[in-house]
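Good morning, colleagues. Please have the sequence and the coordinates open while I speak; I shall take the sheet, then the cysteines, then the charged pairs.

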Amino acid sequence: MLDAIVIGAGPAGISSALYLKRANLDVLVLYHGESQLQKAHKIDNYYGFADGISGKDLYEEGISQAKNLGIEVLDSEVTNIQIASETSYTVTTSSGEYQAHAVIIATGNKKLKPNVQNLAELETKGVSYCAVCDGFFYRKKDVCVIGDKLYAFQEAVHLKNIASSVTILTNGKDDAEIKELLKSQSNEQGLDKIIIETKPLKKIIGTDFVEGVEFTDGTSIEAKGVFVALGEAGGADFAKKLGLTLEGDSIKTDSKMATNAKGIYSCGNVNGGLLQVCKAVYEGGLAGLSAVEYIRSIK
């Protein structure tokens, strides 16, 4: 059992991990994929760099700093966070499961939506972004999941136990990763309910409610629900599954970066507001200190 798990290795996540480690607590940092910071060509408005620094270099220096302090930083995609007990959580990743007393969400906010007609118009009318939250409403109905990676696969696996069928729509992208995931879990029951369709999407069919999807070649399939799971799960996706309070796509916290769930903290871009490194570092440090206080109170 770890003391804390930090999801995200950007300025917010690493800052929180540094404070946790310096408090002599066991902390694991999980990250996967490219950070928004890495895409910044040059940062010249952050304290201490007279000639500026590239986002890539700043990101890598942060991870090196954490590792030099003895923090384990693991490249592994997080797919789910679940309550394990009154004082612990289970974090599921592509490499296994980890348990901790506290979790700090510092993923940034991935707002990936497909360019598909009627998507926005049918949100809350059959278009969903959380299988755990809304899957129950599609019992014994045909549904679709838009995505082509592990996140989409995990959403489909959850839905297969509820829906009549689940079609993963890769929207013209290669389905090799999904096929490999299906093959790797061939012993799991109900995988025959999962279908893969690679045709590019044109639109979601429906007026008052989702009725199906249409492809660019003019063909279509019937569906009562469409779940969007592009790329990797972001902070808002985890928040929905945990029942955290959201303001739009941003996680709502108190002044100490605590969410409405005991032991769950959030910091950085996932909280909205000023999307700058200085804010992320401040909120990360505050989240780490708040988590230290909480962990010590329950041990």
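In this predicted model, five strands make up an open sheet, and their order is β7-β14-β8-β9-β10. The pairing in this sheet is parallel. At its edges lie β7, residues 127-128, and β10, residues 194-197, each of which pairs on one side only. Within the sheet, β8 pairs with strand β9, residues 165-169, in the parallel sense, and five bridges connect the two. For a point of reference along that pairing, please find valine 143, which stands opposite valine 166 in β9.

I turn now to the cysteines. How many disulfides does a search of the whole structure find? The search returns one. Its partners are cysteine 130 and cysteine 133, with their sulfur atoms 2.2 Å apart. The torsion about the S-S bond is about 70°, and the disulfide is therefore right-handed. Is each partner buried or exposed? Cysteine 130 has a relative accessibility of 2% and counts as buried, whereas cysteine 133, with a relative accessible area of 31%, is partly exposed.

Why is there no bond between cysteine 267 and cysteine 278? The closest cysteine sulfur to that of cysteine 267 is in cysteine 278, and because the distance is 14 Å, the two are too far apart for a bond. The search from the other end agrees: for cysteine 278 the closest cysteine sulfur is in cysteine 267. As to their surroundings, cysteine 267 counts as buried at 1% relative accessibility, while cysteine 278 is partly exposed, with a relative accessible area of 42%.

The last topic is charge. Side chains of opposite charge can pair when their charged atoms come close. The structure holds 13 salt bridges, and I shall discuss some of them.

Let me begin with aspartate 3 and lysine 299, whose side chains meet in a salt bridge at 2.7 Å, N to O. This pair links distant parts of the chain, 296 residues apart: aspartate 3 belongs to strand β1, residues 2-7, and lysine 299 to the segment after α7, residues 277-298. Aspartate 3 is buried, its relative accessible area being 4%; lysine 299 is exposed, at 62%.

A further salt bridge joins glutamate 177 to lysine 149, with 3.8 Å between the closest N and O atoms. Glutamate 177 sits in helix α5, residues 176-184, and lysine 149 in the loop between β8, residues 142-146, and α4, residues 150-160, so the pair ties together parts that are 28 residues apart in sequence. Glutamate 177 is partly exposed, with a relative accessible area of 35%, and lysine 149 also counts as partly exposed, at 36%.

Next, please locate glutamate 155 and lysine 241. Their salt bridge has its closest N and O atoms 3.1 Å apart. Here too distant parts of the chain are linked: glutamate 155 is in helix α4 and lysine 241 in helix α6, residues 235-242, with 86 residues separating them. Which state do these two residues share, buried or exposed? Both glutamate 155 and lysine 241 are buried.

Finally, there is a network. Lys202, Lys203 and Glu214 are joined into one by salt bridges that share partners.

That concludes my remarks, and I welcome your questions.

Conventions: Residues numbered from 1 in each chain as written. Predicted model: local features only at pLDDT ≥ 70, side-chain atom pairs only at ≥ 80, totals over all residues. Heavy atoms only, no water. Disulfide = S-S within 2.5 Å. Buried < 20%, exposed > 50% of the residue type's maximum accessible area, 1.4 Å probe, protein only. Salt bridge = Lys/Arg side-chain N within 4 Å of Asp/Glu carboxyl O. Helix = DSSP H or I, 4+ residues; strand = E, 2+ residues; numbered from the N terminus. Pairing = 2+ DSSP bridges.
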